[in-house]
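I opened this entry to record what I looked up in the structure. My notes follow in the order in which I made them.

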Amino acid sequence: MSIPIELNEKDCEFKAIVLDRVPTANLDMCLTCGTCTGGCPASEQMGMDPRKLVRMVLFGLDEEIKKHDWAWVCTMCARCFWECPMNIDIPKLVYNIRSSWPRDSRPKGILGSCDNHIRAGNAMGVPTDDFIWTVEDVAEEIRESSPEFADMQVTVDRKGAYMAINQNSREPVTEPDELGPLWKILHIVGADWTYPSVMWAGENYCLFLADDQGWKYILEEFVYHIDNNLGCKMVVNTE
Amino acid sequence: MRKFNIPHKFEFTNIITLYAQWIRQGKLKVNSDWNKDLKVKFTAQDPCNIVRKTLREQMADDMRFVIKTIVGEENFIDMVPCGINNYCCGGGGGALQAGYPEQRRAYGKVKFNQIQNTEATYVIAPCHNCHKQIEDIGEHYHGNYHVVHIWTIMCLAMGILGENERTYLGPDLASLGL
């Protein structure tokens, strides 16, 4: 699977770009020990592995790196980073390879989910009204069918609720019955909680797309809504 | 929010941290009595994003405390390696939607082998991506396990899991406590 590397007069432009964005990436520190590669389930996929990737960056094989699809097979799980004796931030390197792709050429599935999130507040792209309708419908069903939960409260945008809880959008959209168990637990402990209507979903496909701008926009909208409209003291991630 | 230095007034936490707190405070009265005789075996996936990449050992410990409380310590089997050193399931980083299914499944084979080696029949996956990926590799490689959320087993343990809330349970637990 290995391809001999031809070292001409290469500039390490991409390395400089990454180090500029992530000064603590330590890319020059690689000892080629291979700890990253030995513990990486994506090693050998598409003839690539983390150590090889770092080598290629250091050799200035910028074009080869940027066009290699492996950046989308690595899951940025960060196991390599935490095991690395030299603290080389390979996940951030991969993130920057992803972000070097023209936005429209990045994988369509991830791109679509990120765009949906920016537009509709969730990766599935469902309108907020549909989310609210589903939540109220499922809650009503539980209240009617289970007497012990007859006074169970499920709200969206209840001002002053102590907690704002997010939810992976696949739950309300494709498997709404999965919502009930969490609500029952919250009811039993007497949690004072609500769903936010703005950026209510727990997933983050703009992170996966390496779209800083989209990611930042989602967070800013979310934070503004929680702090200024709802005043919740706590935000709870459900995954 | 840390990445972009966005100021915010609220505290940020995870539901698993809260489950652990509520159990310790006695607000959430749940135990593993339901599984004393059944002895259904469970393992759990440490999601990279909440364990290795953010809350680290604290989250790994809280998650095990919660799971052992609801399934019984003797019925919980960890994968090797686990916790902060766990392997990613292969569904992270958007892989489920990245369009490289062959590579995603080859990646997931590592996780599949880990799960099968525990001989557990249920995998608790407290992350939607992990849940979907572990289910997919289980089908693809013909595994002997089901994949469930924590809330499903917690409600099952408390006897409040509705009939329509059992999609992910196997036939052995599908009607338990109804």
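I began with the bridge partner of A:Ile165 and found A:Val236 in S3(A). The model is a predicted one, and I kept that in mind throughout.

I then looked up the neighbouring pairing and found A:Ala164 opposite A:Val235 of S3(A). Strand S1 (residues 163-165) of chain A is joined to S3(A) by 3 bridges, and the two strands run parallel.

I turned next to the partners of S3 across the chain boundary. Strand S3 (residues 234-237) of chain A is joined to S1(B) by 4 bridges, again with the strands running parallel. A:Val235 has B:Phe12 as its bridge partner in S1(B), and A:Met234 has B:Glu11. A:Val235 thus appears in my notes twice, opposite A:Ala164 and as a partner of B:Phe12.

I asked in what order the strands form the sheet. I read S2(A)-S1(A)-S3(A)-S1(B), an open sheet of 4 strands with parallel pairing. Strand S2 (193-194) of chain A and S1 of chain B are the edge strands; each has a single partner strand, so one side of each lacks a neighbour in the sheet. I added a general reminder that strands of a sheet pair through backbone hydrogen bonds, either parallel or antiparallel.

**Entry on the interface**

I counted the residues in contact between the chains: 48 of chain B and 50 of chain A. On the side of chain B that touches chain A, at least two residues come from each of strand S1 (11-14), helix H1 (15-25), helix H2 (51-71), helix H3 (101-118) and helix H5 (150-157) of chain B. By class, that side of chain B holds 26 nonpolar, 16 polar and 6 charged residues.

**Entry on helix packing in chain B**

I looked up H1(B) against H2(B) and noted an angle of about 55°, with the axes 9 Å apart. H1(B) is therefore oblique to H2(B). The crossing of H1(B) past H2(B) is left-handed. From H1(B), the residues B:Ile16, B:Thr17, B:Tyr19, B:Ala20 and B:Ile23 meet B:Met59, B:Asp62, B:Met63, B:Phe65, B:Val66 and B:Thr69 of H2(B). I classed the residues of this contact as 8 nonpolar, 2 polar and 1 charged.

For H3(B) and helix H4 (residues 128-140) of chain B, I noted an angle of about 90° and axes 10 Å apart. H3(B) is therefore roughly perpendicular to H4(B). H3(B) contributes B:Arg105, B:Gly108, B:Lys111 and B:Phe112 to the contact, and H4(B) contributes B:Gln133, B:Ile134, B:Ile137 and B:His140. The classes in this contact are 3 nonpolar, 3 polar and 2 charged.

**Entry on backbone geometry**

I checked the peptide bond from B:Val80 to B:Pro81 and found it cis, with omega near -10°. B:Pro81 belongs to the loop between H2 and H3 of chain B.

I noted a positive phi, near 55°, at A:Met76, a residue other than glycine. A:Met76 sits in the loop between helix H4 (62-66) and helix H5 (79-83) of chain A. Is A:Met76 buried or exposed? I recorded A:Met76 as buried because 27 other C-beta atoms lie within 10 Å.

A:Met199, also a residue other than glycine, has a positive phi near 50°. I located A:Met199 in the loop between S2 and helix H11 (205-209) of chain A. A:Met199 is buried, with 22 other C-beta atoms within 10 Å.

How values were computed: Residues are numbered from 1 along each chain as its sequence is written. Chains are lettered from A and ligands numbered from 1 in the order in which they are written. This is a predicted model: local features need pLDDT of at least 70, side-chain atom pairs count only at pLDDT 80 or more; totals for chains, interfaces and linings use all residues. Two residues are in contact if their C-beta atoms, placed from the backbone, lie within 7 Å. Ala, Val, Leu, Ile, Met, Phe, Trp, Tyr, Cys and Pro count as nonpolar, Asp, Glu, Lys and Arg as charged, and the others, Gly among them, as polar. Two strands pair if DSSP finds at least two bridges between them. Axes are lines fitted to C-alpha atoms, for helices over the stretch in contact, and angles run from 0 to 180 degrees between N-to-C directions. Angles under 35 degrees count as roughly parallel, over 145 as roughly antiparallel, 65 to 115 as roughly perpendicular and the rest as oblique. A crossing is left-handed if the near helix is turned anticlockwise from the far one by less than a right angle, and right-handed if clockwise. A residue is buried if 20 or more other C-beta atoms lie within 10 Å of its own, exposed if 12 or fewer, and partly exposed in between; C-beta atoms are placed from the backbone.
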